[in-house]
Amino acid sequence: MKKRTIKIMLLVAVVSFGFFSCKRSSSNNTSRATGWRIDGKDGGFAANTKYKDQETAPGLVFVEGGTFTMGKTQDDPMHDWNNTPNQQHVQSFYMDETEVTNLMYTEYLYWTKTVFPPEEENYRNIYTGVLPDTLVWRDRLGFNETMTTNYLRHPGYAEYPVVGVNWIQAVQFCQWRTDRVNEAVLEREGYIAKGVKTDSIDSGSTFSTEAYLTNPSQTYGGKIDEYKGRIAQKASKKQDSSEEDTNVYAKRTSGVILPEYRLPTEAEWEYAAKGLDGLREYNNVRGRKKYPWKGEFTRSGNRKRRGDQLANFKQGKGDYGGIAGWSDDGADITAQVKSYPPNDFGLYDMAGNVAEWVADVYRPIVDDEASDFNYYRGNVYMKNKINQNGEAQIVTADSITYDTIANGRIMARNLPGQLAQVPVDENETYLRVNFDKSDNRNYRDGDVASSRFYDLYNEDEDGEDSKKRMYNAPKHSVGSDSTGMLRQYDKSEERTTLIDDNVRVYKGGSWKDRAYWIDPAQRRAFPEYMATSYIGFRCAMSRVGSKSQGKKRPRK
């Protein structure tokens with residue numbers, strides 16, 4: 001009798017546990033606000049209640065954000081005074097484990113040339129606009145023609161960092177990569193059919209992530225319903241399915257669309273380069289961390305690699321890689337990615353090999369008084385252009401906008417299939433306190449509202465006073481007429497600086513730099529429309545959700 005009682009009690013306990021477990025799990029599909037279902041059943045609101053964590057996109061590694069001392073904490077023998085220490089905080093993000101390689105970039109070139117054939121009149125400037133400048137290897141007193149003709153495309157250099165890419169081209173590569181990765185994700189998740197992304201899709205029906213999210217029915221040139229994946233096919237087989245059910249598209253709320261690839265901000269790049277040990281030491285009063293690895297020296301102290309250089313940089317005058325048979329760093333120009341140990345975050349070549357573009361517009365100071373959270377100078381806020389039907393306008397082959405940059409190169413601002421963009425206006429800025437205009441690149445630096453405005457006057461040719469701005473870089477004009485392209489070089493003798501809103505920061509040392517420049521705190525600048533043989537780039541991606549990867553908020 002006693003055993004039977006115990007069995008009954010155990011059975012009741014199991015049933016009760018199951019009941020409460022079911023009740024608790026089902027609450028995930030019930031709104032805590034209204035008590036309504038939020039699993040999409042019965043025609044109700046559909047939320048992704050099973051979302052776990054952001055997946056790590058191809059090529060990226062996770063960098064957990066935090067606070068750190070941005071800038072140089074040691075002596076400044078160059079007396080640039082452009083990287084004085086200041087405390088900053090960055091959110092968690094993802095970053096490419098290596099620089100973008102020649103192989104990755106030539107994949108981009110192949111796609112562009114295939115989709116937008118340069119022999120077609122509408123597209124003839126698209127492909128040439130994304131081509132790297134291979135002539136950056138030439139030197140007036142150097143024999144480098146082998147790199148000029150081979151470095152980009154020869155398989156011997158496939159896994160070497162791409163160079164000759166200006167800042168604008170790097171940004172466009174990030175946009176292309178975003179669309180290709182999300183296109184593959186949608187195919188994998190069943191929103192589009194297998195093989196659609198590699199089928200012979202014409203240039204008028206390319207995939208754009210933002211266009212898909214904003215106006216999905218117009219994706220692939222309005223042919224999206226012809227490319228239905230298994231999710232839409234499954235929905236169409238339901239007995240009570242409606243047209244709305246069968247036209248299934250992924251949304252932001254689906255949780256499958258990844259954030260965009262982009263250039264890292266300067267704060268993100270420096271934070272990631274210093275590594276975990278570096279962040280701890282930099283926040284220490286000593287401030288002795290100098291390189292992306294632990295220690296104050298460029299050579300390895302590891303027993304197996306003792307004496308080996310930990311990065312690819314210029315050893316001294318006329319010494320780019322050491323003596324034959326006794327190489328210091330294993331490379332004379334750039335080196336194959338992953339040739340040196342990674343830092344604490346798993347990032348390779350955050351010192352040496354090539355310097356890297358970051359997103360920021362250059363100014364000699366980091367305005368930590370204005371911002372100490374996700375610091376970034378370069379915000380230009382845009383919005384979708386709305387057509388006469390009240391829909392977001394998608395760029396067509398006839399509406400591509402081309403920009404002629406300062407050196408005369410013609411580059412496409414947007415591509416068919418993408419959304420047309422215009423600057424935000426007073427409808428978005430009215431009575432806001434956080435921003436009041438579209439272009440914020442010179443915020444608090446050289447405008448009337450700036451605390452650093454130089455209120456100096458001089459008389460111009462008309463006898464009227466004009467204000468001298470702190471940054472009055474040369475303005476080279478480029479135009480065209482019936483005779484062809486017209487270029488006018490600014491020869492004014494009143495220019496006092498090369499800094500303007502089109503000069504971008506690049507970080508890290510390169511194969512051409514001495515060890516001084518591989519300190520992550522160092523910062524230099526270069527015009528965004530120019531390229532060199534020593535500046536490359538890598539992509540980053542913002543993290544959505546929790547600060548720490550794989551960690552959830554504790555639940556009661």
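Two strands pair if DSSP finds at least two bridges between them. Helices (H or I, at least four residues) and strands (E, at least two) are themselves DSSP runs, numbered from the N terminus. With that in hand, let's look at one sheet here: an open one of four strands in the order β18-β17-β8-β19, with mixed pairing. β18 (523–527) and β19 (535–536) stand at its edges, each with a single partner strand, so one side of each has no neighbour in the sheet. Strand β17 (residues 503–507) is joined to β18 by five bridges, and the two run antiparallel. Within that pair, Val503 sits opposite Pro527 in β18.

Before going on, a word about what you're looking at. This is a predicted model, where local features need pLDDT of at least 70 and side-chain atom pairs count only at pLDDT 80 or more, while totals for chains, interfaces and linings use all residues. Residues are numbered from 1 along each chain as its sequence is written, and side-chain values use heavy atoms, with hydrogens and water left out.

**The whole chain**

The protein chain has 11 helices and 20 strands. Of its 556 residues, 44% are buried, where buried means under 20% relative accessible area, exposed means over 50%, and partly exposed is in between (1.4 Å probe, protein chains only). Now think about contacts, meaning heavy atoms within 4.5 Å. Among those between residues at least 6 apart in sequence, 69% join residues at least 24 apart. The chain exposes about 31700 Å², and carbon and sulfur atoms supply 50% of that; such areas come from the Shrake-Rupley method with a 1.4 Å probe, and for residues only the protein chains shown count as cover.

**Another strand pair**

Strand β2 (residues 66–70) is mostly covered, with four of its five residues buried. Five bridges tie β2 to strand β3 (residues 86–90), and this pair runs antiparallel. Look for Phe68, which stands opposite Gln88 in β3.

**Two helices that cross**

Helix α2 (residues 102–115) and helix α5 (residues 167–189) pack at an angle of about 75 degrees, with their axes 11 Å apart. Axes are lines fitted to C-alpha atoms, for helices over the stretch in contact, and angles run from 0 to 180 degrees between N-to-C directions. α2 and α5 are therefore roughly perpendicular to each other; angles under 35 degrees count as roughly parallel, over 145 as roughly antiparallel, 65 to 115 as roughly perpendicular and the rest as oblique. On the α2 side, the residues in contact include Met104, Tyr105 and Trp111, while Phe173, Trp176 and Arg180 are among those on the α5 side.

**Three residues to find**

| Residue | Where | Relative accessible area |
|---|---|---|
| Thr265 | loop between β5 (261–262) and α10 (266–282) | 12%, buried |
| Leu135 | loop between α3 (124–130) and α4 (145–150) | 43%, partly exposed |
| Thr219 | helix α7 (residues 219–222) | 4%, buried |

Leaving aside residues up to four places away in sequence, Thr265 touches Val358, Ala359, Asp360, Tyr375 and Tyr376. With the same exclusion of residues up to four places away, Thr219 touches Phe207, Ala211, Tyr212 and Ile224. You can also check two C-alpha separations: Leu135 and Thr148, 13 residues apart along the chain, are 5.7 Å from each other, and Thr219 and Thr209, 10 residues apart along the chain, are separated by 9.1 Å.
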